[in-house]
Amino acid sequence: MLPQTRLKLLFVTPEVTPLVKTGGLADVSAALPAALRELGVDVRILLPGYSRVMEALPDKRLAAKLLNTGFHGEVQLLEAALPDSGVPLLVIDYPQFYERDGGPYIDHNGHDWVDNAQRFALLSKIGAILGGPSSPLDWRPDIVQCNDWQSGLTPAYLHFSPPPGAATIMTIHNMAFQGIFPPLLTTALGLPPSSYSVNGVEYYGQLSFLKAGVFYANHITTVSPTYAEEIQEEPLGFGMQGLLDHRYLDLTGIVNGIDIHEWNPATDKYLPHHYSADDLSGKAANKRTLQHKLGLAENPDIPLLGVVSRLTYQKGLDLLPAIVPALLGHPVQIVILGSGEAALEEEFIALAQAHPDQIAAVIGFNEGLSHLIEAGADIFLMPSRFEPCGLNQMYSQCYGTPPVVHATGGLRDTVVDATPENMNNGTATGFVFNHATVHGLQACITRALDAYGDKNRWNRIQVNGMRRDFSWNKSAREYLALYEEVLQRI
Ligand code: ADP
């Protein structure tokens, strides 16, 4: 039996693990509703019926047929349940938009689908219909939570619909993606001409779905308190800093949790050796396995620096090659797993070929290896230029692999720098640097290597991180408190 509460939440998202995933949003869309459900929230997830979603859900039932959506013909709404957690799903069955080969946003050639504006306006519109008085369902949400630009028009549609409507929350997972389209589409997508204004959906001469959400939603959230501050200023506000600054009282940052069943060194299915804060011997064994697997010198005492990342400008890993010559003057090993910009991939491959004993680079996506690196490395590197929340720095703390991070977004909020004060009060879990430059990164790695040389100090930093609670439960409670506060306020 679930605890009783009256709060009903519609969670509108373009992706959800394990059905369809291009990034961290999919993980949040699975884990947060599941954690909220544990707290008694009556939550349903609304998502498009892409081919892979339809195929992965054999048990679907027709929930409603919608005729007046503003889109051609009939739209069907199907009911199903998310595998594993059983969270109820509402799937939009509209094959002409969603059932095609390719990704959710791009085709096989890497080009955006030409009808993305229509495809995600429909997702937004169904979210608004289900949150409004003309919903065909008996179930009426108190709150509609929209995630990223793909559902950004929901608050606008609800704003221009007859009352009563659900309260809306716009959740920003990354400001860098804004859903920008030609202005003419504003009315074609069923919004009134008056909405195309600075006080509306207009964004530097274009229609922006994210701007629509940020402008019309009752409340805005993002995925860490520091990122909530950063997006109120240039450059991370991506042109919306003025609006976000204006709405700062309606803007809350809540850090994401991590899946503590998937990411637990005591039970991790990908690890050959399990371990915990009470006994770290399995970690040393994983390090040996990692060194062996990647052809590095099998020496337990050489500090091993690990990277698992998209190789893009955001992640700041272009800063690393410049300091490799200086680093290799020390006994040090570096393992990189990632893919992204071709020039950076090639640079890391060349470095690995030149120093096969000390550097290994694996280009591609490899879930198992990512777990082994988190477990087998001594120090984890995450010099992101910006990071709305970030997950790997939390995984690495749980795995006794203190991270070296740039003080930005969620990295700043989840890693406690090993200053003398934080060492004394028992909170230090990693190493934080203020400027995303070659020198900033180099000085911070040097600091981490010095600490590694003092086994007692190092063990304290490891254990502090391993004992922290990064579970979703804490974040879900913060969301629930926020929902209640928003409902009281409006
Ligand atoms: P972002 O969503 O910006 O890429 P996050 O740190 O929030 O960054 O999440 C990235 C997720 O993808 C993490 O779970 C990370 O381990 C995983 N990941 C990234 N690159 C790879 C890779 N090459 N192989 C395996 N997992 C990866």
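In this predicted model, helix α1 (residues 24–38) and helix α19 (residues 472–489) meet with their axes coming within 9 Å, crossing at roughly 70°. Angles of 65 to 115 degrees count as roughly perpendicular, and that is therefore how α1 and α19 lie to each other. On the α1 side, the contact is made by Val28, Ala31, Leu32, Ala35 and Leu36. Facing them from α19 are Trp472, Ala476, Tyr479, Leu480 and Tyr483. The make-up of this α1–α19 contact is easy to sum up: ten nonpolar residues, no polar ones and no charged ones.

Helix α19 turns up again at a sheet. This one is open and has nine strands, in the order β3-β4-β5-β2-β1-β6-β7-β11-β12, and its pairing is mixed. The edges are taken by β3 (61–66) and β12 (251–253); each has a single partner strand, so one side of each is left without a neighbour in the sheet. Going from one strand to the next, the twist averages 25°. Within the sheet, strand β1 (residues 8–12) runs parallel to strand β6 (residues 143–147), and four bridges join the two. Here Val12 has Cys146 of β6 standing opposite. As for α19, it packs on the sheet and touches β1, β6, β7, β11 (219–222) and β12, with its direction at about 140° to that of β7.

Strand β7 (residues 167–172) is also where Thr168 sits. With a relative accessibility of 3%, Thr168 counts as buried. Setting aside neighbours within four places in sequence, Thr168 touches Val144, Pro155, Leu158, Tyr216, Ala217, Asn218 and His219.

Tyr216 is likewise on the contact list of Ser195, a residue of the loop between α6 (185–188) and β9 (202–203). Loop or not, Ser195 counts as buried, because its relative accessibility is 0%. Besides Tyr216, and again leaving out neighbours within four places in sequence, Ser195 is in contact with Phe160, Thr186, Gly200, Val201 and Glu202. Ser195 and Met175 are 20 residues apart in sequence, and their C-alpha atoms lie 21 Å apart in space.

Another part of the chain brings in strand β13 (residues 304–311). Seven of the eight residues of β13 are buried, so this strand is largely enclosed by the rest of the structure. Strand β14 (residues 333–340) pairs with β13 in the parallel sense, over eight bridges. One of the residues involved is Arg310, whose bridge partner in β14 is Ser339. To get from β13 to β14 the chain passes through helix α11 (residues 320–327), making a β-α-β crossover that is right-handed. Strand β13 also runs parallel to strand β16 (residues 379–382), to which two bridges join it. There, Gly306 has Phe380 of β16 as its bridge partner.

Finally, there is a serine in a helix to look at: Ser51, in helix α2 (residues 51–56). Is Ser51 buried or exposed? Its relative accessible area is 16%, and since buried means under 20%, Ser51 is buried. Apart from neighbours within four places in sequence, Ser51 is in contact with Tyr98, Glu99 and Arg100.

Definitions and conventions:
Residues are numbered from 1 along each chain as its sequence is written. This is a predicted model: local features need pLDDT of at least 70, side-chain atom pairs count only at pLDDT 80 or more; totals for chains, interfaces and linings use all residues. Side-chain values use heavy atoms; hydrogens and water are left out. Axes are lines fitted to C-alpha atoms, for helices over the stretch in contact, and angles run from 0 to 180 degrees between N-to-C directions. Angles under 35 degrees count as roughly parallel, over 145 as roughly antiparallel, 65 to 115 as roughly perpendicular and the rest as oblique. Contact means heavy atoms within 4.5 Å. Ala, Val, Leu, Ile, Met, Phe, Trp, Tyr, Cys and Pro count as nonpolar, Asp, Glu, Lys and Arg as charged, and the others, Gly among them, as polar. Buried means under 20% relative accessible area, exposed over 50%, partly exposed in between (1.4 Å probe, protein chains only). Two strands pair if DSSP finds at least two bridges between them. A crossover is right-handed if, with the strands pointing away from the viewer, the path from the first strand over the helix to the second runs clockwise.
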